[in-house]
Each structure stands twice: as C-alpha cells, then as structure tokens.
Amino acid sequence: VQLVESGGGLVQAGGSLRLSCAASGSIDSINIMGWYRQAPGKQRELVADISGGGSTRYADSGKGRFTISRNNAKNTMYLQMNSLKPEDTAVYYCNADLRETGIPHRYMYWGQGTQVTVSS
C-alpha cells in the first residue's frame with residue numbers, strides 16, 4: 001500500500017492550492033483519511049480529516065479556508081486550500097486508516113509529504 005501526495009508548491013499569500021492524495025495497492029477498505037502538516041520546529045498537527053461517509057473535521061486554523069473531500073471509488077482525497085497565509089507553510093502529509101486485502105486488521109499509513117510554501 002502506498003499513499004502519494006501531490007499539488008504542493010510555492011504560492012503567494014492569499015493564493016490557493018489543491019493537494020491530492022492517492023492510495024494504491026491491495027486495499028480492501030479505507031476508513032478515515034486525513035491531512036496533517038508539520039512546520040519546521042513544530043509537531044505534526046491535524047489539518048482536516050474525513051470519514052468514509054463524508055463526515056469532516058477541521059482544525060481551527062483552516063476552518064472557512066480549507067475544504068477536504070474524497071473519492072471513495074478512486075481511493076483519493078483532496079484538500080482545497082484558499083486564502084493561504086505564510087503560517088500555512090509546512091510539509092503536508094496524507095494519512096489513511098485502512099485495511100489491506102487479506103489482512104484482518106486496520107493500520108495507519110502515511111504518505112511522504114508535499115511541501116507547501118506561502119510567501120508574504
């Protein structure tokens with residue numbers, strides 16, 4: 001199983017980016033998927049997550065600016081980020097709670113991360 005993020009980059013303050021996360025491999029089911037971020041010198045923190053049924057949760061920092069969504073048929077997840085601020089600069093990681101085909105238990109998987117840099 002592999003999670004691959006894409007869509008990061010350099011953007012000016014006030015701009016937008018759309019991150020994507022694609023899960024691949026022998027996947028039986030995916031429960032919660034989420035976006036986390038880690039800025040230099042800080043701990044990794046939740047940005048937003050989404051259940052298989054579409055229920056969402058956002059950190060206060062992104063409420064009203066970020067929108068998380070997913071396509072269950074394609075095992076993909078997205079994060080639309082608008083009105084970006086310099087403090088949003090971080091490496092953004094994709095996370096998924098999933099079960100591989102033939103494996104009885106769920107495990108948490110992480111992507112390698114994608115850099116988002118917001119200039120002032």
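Let's start at W110, which is partly exposed, with a relative accessible area of 37%. Keep in mind as we go that this is a predicted model. W110 has company on its ring. By the centre-to-centre rule for aromatic rings, the count comes to one aromatic pair. That pair is Y36 with W110: the ring centres lie 5.0 Å apart and the planes make an angle of 65°, so the arrangement is edge-to-face. The two partners come from distant parts of the chain, with Y36 in strand β4 (residues 27-38), W110 in strand β10 (residues 107-110), and their positions 74 residues apart.

Now look at what else sits by that tryptophan. R44 lies over the face of W110, at 4.7 Å from the ring centre. The charged end of R44 also sits over the ring of Y93, this time 3.7 Å from the centre. So far, then, you have R44 over W110 and over Y93.

From Y93, step along to C94. What does C94 bond to? Its partner is C21, in a disulfide with an S to S distance of 1.8 Å. A search of the whole structure finds one disulfide, and here is what it links: C21 in strand β3 (residues 17-24) and C94 in strand β9 (residues 90-100), distant parts of the chain that are 73 residues apart. If you check the torsion about the S-S bond, you'll get -60°, a left-handed link. Is C94 buried or exposed? C94 has a relative accessible area of 0%, so it counts as buried. C21 is buried too, at 1%.

Next come the charged pairs. Side chains of opposite charge can pair when their charged atoms come close. The search of the whole structure turns up six salt bridges, and R37 is a good place to pick up the thread. R37 forms a salt bridge with E45, where the closest N and O atoms are 2.8 Å apart. R37 also meets D88 in a salt bridge, at 2.9 Å from N to O. Because R37 lies in strand β4 and D88 in the loop between β8 and β9, this pair ties together parts that are 51 residues apart in sequence.

How accessible are these three? R37 counts as buried, at 7% relative accessibility, and D88 is buried as well, at 1%. E45, on the other hand, is partly exposed at 37%. For another setting, turn to K63 and D60, whose side chains meet in a salt bridge at 3.1 Å, N to O. Here K63 is exposed, with 51% relative accessibility, and D60 is exposed at 63%. Back with R37, salt bridges that share partners join R37, E45, R65 and D88 into one network.

Finally, follow the chain to strand β7 (residues 66-71). In a regular strand the side chains alternate between the two faces of the sheet. Strand β7 has F66, I68 and R70 on a covered face, while T67, S69 and N71 are on an uncovered one. Its partner is strand β8 (residues 76-81), and β7 and β8 pair in the antiparallel sense over six bridges. At one of the paired positions, N71 stands opposite T76 in β8. The hairpin of β7 and β8 has four residues between the strands, and N75 takes a positive phi near 55° there.

Conventions: Residues are numbered from 1 along each chain as its sequence is written. This is a predicted model: local features need pLDDT of at least 70, side-chain atom pairs count only at pLDDT 80 or more; totals for chains, interfaces and linings use all residues. Side-chain values use heavy atoms; hydrogens and water are left out. A disulfide is a pair of cysteine sulfur atoms within 2.5 Å. Helices (H or I, at least four residues) and strands (E, at least two) are DSSP runs, numbered from the N terminus. Buried means under 20% relative accessible area, exposed over 50%, partly exposed in between (1.4 Å probe, protein chains only). Rings of Phe, Tyr and Trp (its six-membered ring) pair if their centres lie within 6.5 Å; planes under 30 degrees apart count as stacked, over 60 as edge-to-face and the rest as tilted. A charge sits over a ring if NZ of Lys or CZ of Arg is within 6 Å of the ring centre and within 35 degrees of the ring normal. Two strands pair if DSSP finds at least two bridges between them. A salt bridge is a side-chain nitrogen of Lys or Arg within 4 Å of a carboxyl oxygen of Asp or Glu.
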